[in-house]
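Here is a short briefing to keep beside you while you look through the model. Have the viewer open, and follow along topic by topic.

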Amino acid sequence: MPDTSDTAGCGAPDPAHTAAPARRVFVDPQGPVMVEGPIEIALEDGTVVRSDRFMVAVCTCRRSRTYPWCDTSHRRRARAVPPPEDRNP
């Protein structure tokens, strides 16, 4: 299990952990990852994009036309089978 303490085994606080408060991330299994902003994202091609919003939706399905930001394109996918609570016995 990874070490989650601020001292990381060396006895001194890690400056990376004390310089700024931790960002809170909310994971929705059927939607985007919500991150308290502002944030910067380093993309695969090396470019860095930034959002100064207080809450940022980051696309995880890659359907977004505004990737890496979510534009709710994941909602357009139709379910093949209705969820269990909607099925008639």
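How much accessible surface does the protein have, and what share of it belongs to carbon and sulfur atoms? The accessible surface is about 7400 Å², and carbon and sulfur atoms hold 54% of it. Please keep in mind that this is a predicted model. The notes below go from the overall layout to the sheet, then to the salt bridges and one buried serine.

**Overall layout**

- The protein contains 1 helix and 5 strands, and along the sequence they come in the pattern α-β-β-β-β-β.
- Of the 89 residues, 18% are buried.
- If you take the contacts between residues at least 6 apart in sequence, 19% of them join residues at least 24 apart.

**The three-stranded sheet**

- An open sheet is formed by 3 strands in the order β1-β2-β5, with antiparallel pairing.
- β1 and β5 are the edge strands, each pairing on one side only.
- From one strand to the next, the twist averages 20°.
- Strand β1 (residues 25-27) pairs with β2 in the antiparallel sense through 3 bridges, and the two make a hairpin with 5 residues between them.
- Two pairs help you find this hairpin on screen: V27 has V33 of β2 as its bridge partner, and V25 stands opposite V35 in β2.
- On the other pairing, β2 runs antiparallel to strand β5 (residues 55-58), and 4 bridges join them. One place to look is E36, whose bridge partner in β5 is M55.
- The side chains of strand β2 (residues 33-36) alternate: V33 and V35 are buried and point to one face, while M34 and E36 point to the other and are not buried.

**Salt bridges**

- How many salt bridges does a search of the whole structure find? The search finds 3.
- As general background, side chains of opposite charge can pair when their charged atoms come close.
- R50 and E40 form one of these salt bridges, with their closest N and O atoms 3.4 Å apart. R50 sits in strand β4 (residues 48-51) and E40 in strand β3 (residues 39-42), so this pair links distant parts of the chain, 10 residues apart.
- R50 also meets D52 in a salt bridge, at 2.7 Å from N to O. Together, E40, R50 and D52 are linked in a network of salt bridges.
- Within this network, R50 is partly exposed, with a relative accessible area of 49%. E40 counts as exposed at 52% relative accessibility, and D52 counts as exposed at 58%.
- R62 and E44 also meet through their side chains in a salt bridge, at 2.7 Å from N to O. Because R62 lies in the segment after β5 and E44 in the loop between β3 and β4, the pair ties together parts that are 18 residues apart in sequence. Both R62 and E44 are exposed.

**Around S64**

- S64 lies in the segment after β5. Is S64 buried or exposed? S64 counts as buried because its relative accessibility is 10%, and buried means under 20%.
- A polar atom of the S64 side chain lies 3.0 Å from the backbone nitrogen of T66.
- The S64 side chain also reaches the backbone nitrogen of D71, at 3.4 Å.
- Setting aside neighbours within four places in sequence, S64 is in contact with C59, W69, C70, D71 and S73.

Technical notes. Residues numbered from 1 in each chain as written. Predicted model: local features only at pLDDT ≥ 70, side-chain atom pairs only at ≥ 80, totals over all residues. Heavy atoms only, no water. Buried < 20%, exposed > 50% of the residue type's maximum accessible area, 1.4 Å probe, protein only. Contact = heavy atoms within 4.5 Å. Areas by Shrake-Rupley, 256 points an atom, 1.4 Å probe, with all protein chains shown as cover. Pairing = 2+ DSSP bridges. Polar contact = N/O pair within 3.5 Å; in protein donor to acceptor, adjacent residues only side chain to side chain. Axes fitted to C-alpha atoms, helices over the stretch in contact; angles between N-to-C directions. Salt bridge = Lys/Arg side-chain N within 4 Å of Asp/Glu carboxyl O.
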